[in-house]
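Biologist: I would like to learn how to read a model of this kind with care. Could we go through it feature by feature?

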Amino acid sequence: MKQLSIFSLVILWLGQAFAQSDITPDLDEGPMKKVPLNEKVTTGKLNNGLKYFIMPNQKPQDKVELRLVVNAGSILENEQQRGLAHFVEHMAFNGSEHFKKNELVDYLQSVGVKFGAHLNAYTSFDETVYMLSLPSDDADLLEKGFLVLQDWAGGLLFDGEEIDKERGVVLEEYRLGLGASKRMMDNYLPMIFHESRYAERLPIGKKDILENFDHQVLKDFYNTWYRPNLMSVIVVGDISVEDAEAKIKSHFSGLTNPQNEQERVEYKVPDHQDYLVSVNSDEEAAYNMLQIMIKQSGDRTVEGTYEEFEEAIREEVIWSMLNDRLYEIAQKPGAPFSYSWAAMDEMWARTKTALQMGAMIAENKFEEAIEIIFTELYRAKMLGFTEAEFERTKLKMLQQAESMLKEQDKTQSRNHASRLVQHFLTGDAFPSPEWLEDRLTEVLEKLQVDELRNILEEVELEGNTVVVITGNESDRENMPDEGRVLEVIQQVKDADIAPLENNELPEELMVRPENTGKILTEKSISEVDAQSFTMSNGIRVIYKKTDLQNDQVLFNATSLGGTSLTSDEIYEKVRFGMGAIAEAGVGDFSKVDLRKVLSGKKVSVRPSISTYTEQMSGSCSPDDLEQLMQMVNLYFSQPRSDQEAYEAFVTRERSFMDKMLVDPSNHFSMKWNEFLYPNYSRRWRIPGDDDWKNTDYNAVMKLYTERFANPADFVFIFVGNVEKEAIEELATAYLGSLKTTTKKETYKDLGVRLKPGTDRLDVEKGSEPKSMVRMLFSGEAEYSAEEDLHMKMLGDVLGILLTEKLREEMSGVYGSGAYGGMSDVPYERYYFSVSFPCGPENVEALIKATDEEIAKLIENGPNEKELNKVKETVIKQLETSVQSNRYWMSKIQQAEVYRKPYGEVLRTEEDVQAVTAQDLQTVAAKYLKNNKMVGVLNPEK
């Protein structure tokens with residue numbers, strides 16, 4: 001469910017709670033003045049009513065994002081069309097005026113556009129959106145992209161044979177949604193959408209209609225609702241306004257609206273005066289959840305005025321502080337929930353706003369969770385908030401707005417495109433970051449904490465409320481019934497609620513050390529245009545300055561070893577408790593206190609221990625690099641042990657994991673691991689009561705101290721907008737002052753190997769007619785960077801072939817996956833995996849078809865067309881990846897931590913183009929003939 005709020009505005013440049021309704025801003029003065037549209041956006045409207053939005057943006061370079069937005073979704077279906085709005089979306093990829101049958105996907109794959117990653121669509125209650133990402137430096141391809149959108153808008157063919165073939169694919173997508181969540185949702189959705197059409201118009205539709213609808217009924221939906229006066233074309237990317245506008249007019253001016261067009265009704269969600277309670281349980285429900293929706297009376301209306309903006313900001317201050325209080329409660333031992341949320345937002349329906357709250361229930365504490373959430377809500381309403389809470393929240397919101405302003409020329413085009421989609425559909429505002437920061441600062445500077453109570457007085461909390469409880473059938477006796485839920489809420493209202501205490505905290509994490517280190521040696525790493533220096537205590541720092549993000553510095557420090565160096569006895573005491581390491585805070589600061597002290601700072605650091613490494617990872621704004629360095633220093637020099645934080649961690653983990661195995665897919669995953677590693681005690685599993693009893697927090701902290709004892713054994717890497725002077729000054733102070741030793745370690749190969757040979761596992765679990773198939777080829781082999789690339793590309797080729805065979809030809813799956821590669825940690829090996837969900841009746845036929853496609857690759861390799869599709873895709877992905885700080889961080893890690901040549905980890909376009917069909921056939925024949933494991937999940941008989 002959507003959980004956006006005005007705080008998302010600060011992060012995403014707009015909010016769901018204020019909007020502008022006109023394309024051209026109203027320049028009237030005063031509180032009714034309209035929020036201005038970002039001046040970088042050019043808007044227009046064709047004579048046929050189609051609206052368009054164009055925004056030049058060069059992140060990433062030479063790429064453009066195209067969107068066709070149709071203001072029509074499943075809410076507009078008649079009784080015979082339930083599910084057909086979504087079916088139309090599927091048919092957009094199965095034959096149009098200029099791309100017959102499957103030519104569209106085939107053509108786009110040939111130019112490097114990957115289905116799912118660069119080519120996709122979705123259908124919701126109220127809209128259908130088509131998404132296409134293309135290179136903008138290829139004029140012919142760009143022209144074809146607009147032609148694709150034109151066909152989607154008015155040129156779908158609806159070939160009868162293609163419709164009937166697609167039924168199987170859509171029914172497989174329908175099948176994927178079956179399970180405990182769907183069964184329980186069918187019970188409570190009519191209550192959430194009380195007496196509303198939304199309760200009867202889930203986009204996936206009804207199975208009997210999908211199986212039996214007449215072709216003309218599908219065409220009728222398209223002809224009725226796919227019309228230009230309900231559409232928008234959005235273009236964001238490395239393209240000129242003039243070029244984009246000319247293409248829009250050329251391709252979409254010829255579209256016409258139907259005569260006697262049907263009114264596009266905005267359906268409402270009626271108010272109700274009482275509380276509605278829905279208690280649901282299911283034998284396969286893996287989690288216990290609480291959802292609360294306090295609907296605000298009347299319909300959601302948006303005018304896009306300054307007054308709305310200011311009101312929304314003031315409200316978001318309130319919800320941010322309430323969320324902070326709930327977060328703090330969840331960190332305490334015995335808390336009734338492991339996480340929670342509160343947000344004023346639109347529901348699934350555009351026309352209704354609700355205060356939405358919820359939580360994941362811990363240890364069956366349903367009543368306590370309801371009591372605490374409502375208590376905090378009424379505490380805020382009656383007593384307001386403290387000045388300290390208010391100041392921290394203002395700092396957070398201002399920091400986010402400032403960061404957004406710094407990143408305005410580095411924001412991804414797809415993010416802008418998503419914002420403009422919502423702007424068209426709902427009027428959500430899309431101001432410039434300069435305007436947003438200025439106005440946000442102005443509102444927050446004049447806002448007083450005492451005013452917040454007055455604002456809360458206007459939020460409706462009585463009646464018009466839905467409380468939904470969902471959980472496992474085994475916990476049903478602990479779930480309160482409707483009467484008890486209402487009693488708990490009334491008890492909160494009648495209670496004498498006291499104000500919260502406020503604890504004073506230091507303003508800084510630590511004082512800069514006096515005994516700083518010195519830089520002894522420096523050198524350049526030309527392969528990645530990075531620099532490194534080694535300090536007097538032996539710590540080596542590598543940094544790469546980029547201009548890829550203005551307000552981002554990524555950090556990682558990694559050392560080899562991990563839990564591979566522990567005995568089996570110690571491992572069993574720590575394996576499930578290592579997640580608690582970061583929950584204790586650091587130095588003198590608990591996790592909650594650390595969060596408070598860092599309010600207004602864009603910084604995070606998290607230590608962790610895995611099988612073969614121990615590491616710290618994090619990020620910060622360049623302005624907050626010193627705080628990041630302080631946290632790193634403290635995690636090495638003053639690790640914090642906190643028994644209460646550990647107990648709270650265990651409570652959260654148990655609430656998340658205790659029922660996981662009732663879910664068929666989780667059960668299958670555990671059985672699959674047991675099957676692959678029959679004699680390995682450290683294989684993945686979900687912990688039970690005995691595991692938690694055996695977990696020793698003291699042993700966890702002892703392991704942490706041992707693994708992080710020598711900072712000089714770590715490789716410290718910084719990538720982003722980091723200056724030489726700043727990194728050297730701060731590193732010598734906070735890293736150079738750390739105590740180190742000369743001890744160097746590496747990981748240990750524990751001798752664990754996958755089960756050899758060929759075998760099959762069959763598991764029966766679950767009540768729905770859903771199956772899952774997994775195939776795995778794996779074994780020891782000498783590592784080769786070239787063969788690693790070949791195996792990955794072979795996986796991409798097989799992925800295309802399986803889509804064509806299993807989905808398009810056999811209509812047996814909604815989606816499938818194939819991937820391969822090689823590794824040399826902890827030993828040299830190859831792996832190749834295939835997986836797909838399907839119906840039980842199709843399992844054997846689909847496995848056979850998959851085997852046949854693999855056999856063809858072994859015998860003949862891919863043809864040139866298939867190979868070129870994959871080459872184009874890999875190259876396009878590489879072009880995008882190199883524009884990301886995370887890409888460079890990962891490559892430096894691979895080379896420096898695992899001591900690989902940079903030429904081996906940095907793949908180039910030349911490397912990809914050099915791959916031949918014979919190369920892929922060779923690895924297929926070498927690695928896909930033997931050592932094949934098959935796992936099948938089927939429902940219980």
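Modeller: What follows takes up confidence, one helix, aromatic rings and the backbone in turn.

Biologist: What is the mean pLDDT of the protein, and over which residues does pLDDT stay under 50?

Modeller: Where pLDDT is low, the predicted coordinates should not be read in detail. This is a predicted model, and its mean pLDDT is 93, with 97% of the residues reaching 70 or more. Over residues 1-28, however, pLDDT stays under 50, although the model has 102 contacts beyond four places in sequence for them.

Biologist: Which residues of helix H8 are buried, and what covers them?

Modeller: In helix H8, which spans residues 215-225, the buried residues are Val217, Leu218, Phe221, Tyr222 and Trp225. Seen down the axis of H8, these buried residues fall within an arc of 140°, so they line one face of the helix. Their cover includes strand S3 (63-70) together with helices H2 (84-91), H4 (139-154) and H5 (160-176). At the start of H8, a side-chain oxygen of aspartate 214 comes to within 2.9 Å of the backbone nitrogen of glutamine 216.

Biologist: How many aromatic pairs does the structure hold, and how is a pair described?

Modeller: A pair of aromatic rings is described by the distance of the centres and the angle of the planes. The structure holds 35 aromatic pairs. In one of them, phenylalanine 636 and phenylalanine 716 have ring centres 5.9 Å apart and planes at 45°, so the pair is tilted. Phenylalanine 636 belongs to helix H19 (residues 625-637) and phenylalanine 716 to strand S18 (residues 715-720), so the pair ties together parts that are 80 residues apart in sequence. Both phenylalanine 636 and phenylalanine 716 are buried, and they belong to one aromatic cluster, with Phe555, Tyr704, Phe708, Phe714 and Phe718.

Biologist: Where in the loops do a cis peptide bond and a positive phi occur?

Modeller: Most residues other than glycine have a negative phi, and most peptide bonds are trans. Here the peptide bond from lysine 59 to proline 60 is cis, and proline 60 is placed in the loop between strand S2 (51-56) and S3. Another cis bond joins valine 825 and proline 826, the latter lying in the loop between strands S21 (817-823) and S22 (829-838).

As for phi, asparagine 464 has a positive value near 50° and is found in the loop between helix H15 (451-457) and strand S11 (465-472). Aspartate 529, with a positive phi of about 55°, is found in the loop between strands S12 (519-525) and S13 (530-535).

Biologist: Is each of these, asparagine 464 and aspartate 529, buried or exposed?

Modeller: Asparagine 464 is buried, with a relative accessible area of 5%, whereas aspartate 529 is exposed at 55%.

Notes:
Residues are numbered from 1 along each chain as its sequence is written. Side-chain values use heavy atoms; hydrogens and water are left out. Buried means under 20% relative accessible area, exposed over 50%, partly exposed in between (1.4 Å probe, protein chains only). Helices (H or I, at least four residues) and strands (E, at least two) are DSSP runs, numbered from the N terminus. The arc is that of the directions from the helix axis to the C-beta atoms. Contact means heavy atoms within 4.5 Å. A polar contact is a pair of N or O atoms within 3.5 Å; within protein, one must be able to donate a hydrogen and the other to accept it, and residues adjacent in sequence count only if both atoms are side-chain atoms. Rings of Phe, Tyr and Trp (its six-membered ring) pair if their centres lie within 6.5 Å; planes under 30 degrees apart count as stacked, over 60 as edge-to-face and the rest as tilted. pLDDT is the predictor's confidence in each residue, from 0 to 100.
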